[in-house]
Amino acid sequence: MPGDDNGDAQVAVPAPHSGGRLPRSARRAQLLGAAQQVFVVAGYHQAAMDDIADAAGVSKPVLYQHFSSKLDLYLALLDTHVADLIARIEDAMSITTNNKQRVYAAVSSYFDFVGSEGEAYRLVFESDLRNDPQVSARVERAQTGCIEAIAQAVASDTHLDSTRSHFLSVALTGASEASARRWLNGAESLSREDAIELVSVLLWRGISAFPK
């Protein structure tokens, strides 16, 4: 849906707009949606600003009115989706105090994120620009934000020290992400519900062994 100039948690993928002026925030959201389509299909290096302008149905000067460069546009998308992923995990930790349900909610959040419209997860997990310091910093922020949110819950409920809680959280987030991406790519012939249940049961049986 259209967001303000700082971006929303979700980036819409609108149809090209022709005729009439859009409010700046709506135009920005439209351009981000078009850019996401192009980046997901072509990757950063093969995508061109001409392609993005064409996908949005605007001239390239209009595109440059909102984003100073292709990298600026890519980073804006990353910021939006990194914030979205972290918010999903934080919500999963805060929605209940039942730790078994928390594990299930965390796993579900990763499946929801990788399955979200527009394949935004590819920008976060499969970027072909990971060597760029600004991109790698944002990817690291996504990983760190999710790990810290879960680690706080682990520490609170197991009374493990921060180092051990953090390491358990790394394992939980890593397993959730890898499983969700494998399922989405069709490597396993399981329903979404079965896949989430299998992963969450595995993780819960492991983490529940730790004393409170």
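This briefing covers model confidence, helix α1 and its packing against helix α2. The model is predicted: local features need pLDDT of at least 70, side-chain atom pairs count only at pLDDT 80 or more, and totals for chains, interfaces and linings use all residues. Residues are numbered from 1 along each chain as its sequence is written, and side-chain values use heavy atoms, without hydrogens and water.

**Confidence**
- The chain averages a pLDDT (predictor's confidence in each residue, from 0 to 100) of 86, and 89% of the residues score at least 70.
- Residues 1–19 have a pLDDT below 50.
- Where pLDDT is low, the predicted coordinates should not be read in detail.

**Helix α1**
- Helix α1 (a DSSP run of H or I, at least four residues, numbered from the N terminus) spans residues 24–46.
- At V40, α1 bends by about 80°, the angle between axes fitted to the seven residues ending there and the seven starting there.

**Contact with α2**
- Residues meeting within 4.5 Å between heavy atoms include L31 and F39 in α1, and I52 and A55 in α2.

How values were computed
Helix = DSSP H or I, 4+ residues; strand = E, 2+ residues; numbered from the N terminus. Expected span 1.5 Å × (residues − 1).
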